[in-house]
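Let's take a friendly walk through this model, with the cysteines as our starting point. The helices and a patch on the surface come afterwards.

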Amino acid sequence: MGQQNLTTPTEFILLGVTRRPDLQLPLFGVFLLIYTATVVGNLGMIILTKLDSRLHTPMYFFIRHLAFIDLGNSTVICPKMLVNFVVDQNTISYHACAAQLAFFLLFIISEFFILSSMAYDRYVAICNPLLYNIVMSQRLCHGLAGIAYLYSAFQALLFTLKIFTLTFCGSNVISHFYCDDVPLLPMLCSNAQEIQFLIISFSAFNLISSLLIVLVSYILILLAMSRMNSAEGRKKAFSTCGSHLTAVMVFYGTLFFMYLQPKSTDAFETDKVASVFYTLVIPMLNPLIYSLRNKEVKNAFYRVLMNLRNLHI
């Protein structure tokens with residue numbers, strides 16, 4: 001019996017968002033709509049910022065990468081979750097679970113540092129407008145994005161290899177709707193304290209360091225705005241960073257809600273709700289946040305439509 005428990009599982013069972021059978025189909029419809037809106041919105045933002053030359057600026061460079069990350073994060077989780085709503089057994093293969101964990105970590109960690117890079121970009125745009133094009137050069141933008149992806153890939157590989165090179169024993173049931181590192185730890189045979197310490201340390205560093213960059217950038221922005229003489233200038237300055245500030249508040253607010261909640265018997269259920277929000281809802285909201293009140297995006301959309309129309313005439 002002990003020998004069997006030490007065997008590497010061929011698949012895991014995901015408990016899913018809910019265990020209630022009567023909610024499976026309604027939730028399937030809701031999450032299908034969310035995922036469709038996410039794909040259309042983020043893919044549209046990627047294509048738009050690539051096709052329209054007026055959006056070839058540092059700000060839209062980072063918005064394009066944020067859209068790519070949101071699309072990737074949602075795609076890693078949602079299609080499998082949708083399948084599990086309509087099948088009897090919510091299973092995921094051993095290797096698919098490892099791949100899902102790796103890509104989820106890659107995209108979610110990247111989001112921290114793309115958002116902090118965007119905060120720095122807004123700081124330079126408002127506090128040093130004359131030097132903006134020099135400071136936020138194409139080389140620096142590519143460097144910031146490259147560092148974010150490389151650092152995220154390092155962590156994704158580190159945690160995935162650490163977990164999946166150890167032996168699983170006992171139950172193969174994951175108390176989540178996707179393969180995440182924390183729900184996998186109790187399923188390991190060996191002492192997982194080292195991995196748990198690494199997860200806590202890196203998570204704290206990712207959260208605090210990226211949030212610190214955002215906070216310092218916005219404190220300097222507020223100081224610069226307070227020195228502006230005209231109300232029109234302050235309004236214009238605020239409008240350039242309003243969308244990013246909204247995205248930051250939604251993203252970090254969800255994470256703080258998840259990390260700072262008191263631990264209880266319902267903690268896993270609350271974590272699921274928070275996870276649904278930052279893996280599926282936020283990727284759907286970000287394209288709306290950056291486009292609804294953005295005249296540049298709307299004008300670019302109309303220009304692209306007109307160019308496509310002229311091609312067919």
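## A buried cysteine pair

C97 is buried, its relative accessible area being 0%. Please keep in mind that this is a predicted model. The partner of C97 is C179, and the two are joined by a disulfide with an S to S distance of 2.0 Å. C179 is likewise buried, at a relative accessible area of 0%.

The link of C97 and C179 is left-handed, with -120 degrees about the S-S bond. C97 sits in helix α4 (residues 94-127), while C179 belongs to the loop between β3 (173-174) and α7 (181-184), so this disulfide ties together parts that are 82 residues apart in sequence.

## The second bridge and the pairing

How many disulfides does a search of the whole structure find? There are 2. Besides the pair described above, C169 and C189 form a disulfide, and their sulfur atoms are 2.3 Å apart. C169 is in the loop between α6 (138-164) and β3, and C189 is in the loop between α7 and α8 (193-226), so the bond ties together parts that are 20 residues apart in sequence.

Are C169 and C189 buried or partly exposed? C169 counts as partly exposed at 25% relative accessibility, and C189 is partly exposed as well, with a relative accessible area of 31%. If you number the bonded cysteines of the protein chain in sequence order, the pairing reads 1-3, 2-4.

## Cysteines without a partner

C127 takes part in no disulfide; its nearest cysteine sulfur belongs to C241 and is 9.5 Å away. A disulfide here requires two cysteine sulfur atoms within 2.5 Å. C127 is partly exposed, with a relative accessible area of 23%.

C241 is also in no disulfide, and the nearest cysteine sulfur to C241 is that of C127. At 2% relative accessibility, C241 counts as buried.

## Two helices and the loop between them

Helix α2 covers residues 24-51. Its 28 residues reach 40 Å from the first C-alpha to the last, close to the 40 Å expected at 1.5 Å a residue. Buried residues in α2 include F31, Y35, N42 and M45. Others in the buried set of α2 are Q24, L27, I34 and T38, among them both polar and nonpolar names for you to look up in the view.

The loop between α2 and α3 holds R54. R54 counts as exposed, at 58% relative accessibility. From R54 to L115 the C-alpha to C-alpha distance is 22 Å, and the two residues are 61 residues apart in sequence.

Helix α3 (residues 58-86) has 29 residues and reaches 43 Å between its first and last C-alpha, close to the 42 Å expected at 1.5 Å a residue. Where does α3 have a kink? The kink is at T75, shortly before the proline P79, and amounts to about 35 degrees. Of the 29 residues of α3, 23 are buried, so the helix is largely enclosed by the rest of the structure.

## A nonpolar patch on the surface

Which residues make the nonpolar surface patch of about 520 Å²? They are L212, L215, V216, I219, L220 and L223. One of these patch residues, L212, has its place in helix α8.

Note on methods
Residues numbered from 1 in each chain as written. Predicted model: local features only at pLDDT ≥ 70, side-chain atom pairs only at ≥ 80, totals over all residues. Heavy atoms only, no water. Helix = DSSP H or I, 4+ residues; strand = E, 2+ residues; numbered from the N terminus. Buried < 20%, exposed > 50% of the residue type's maximum accessible area, 1.4 Å probe, protein only. Expected span 1.5 Å × (residues − 1). Bend = angle between axes of the 7 residues up to and from the residue. Patch = residues over 30% accessible without salt bridge, like charges linked within 9 Å, V, L, I, M, F, W, Y side chains within 5 Å. Areas by Shrake-Rupley, 256 points an atom, 1.4 Å probe, with all protein chains shown as cover. Salt bridge = Lys/Arg side-chain N within 4 Å of Asp/Glu carboxyl O.
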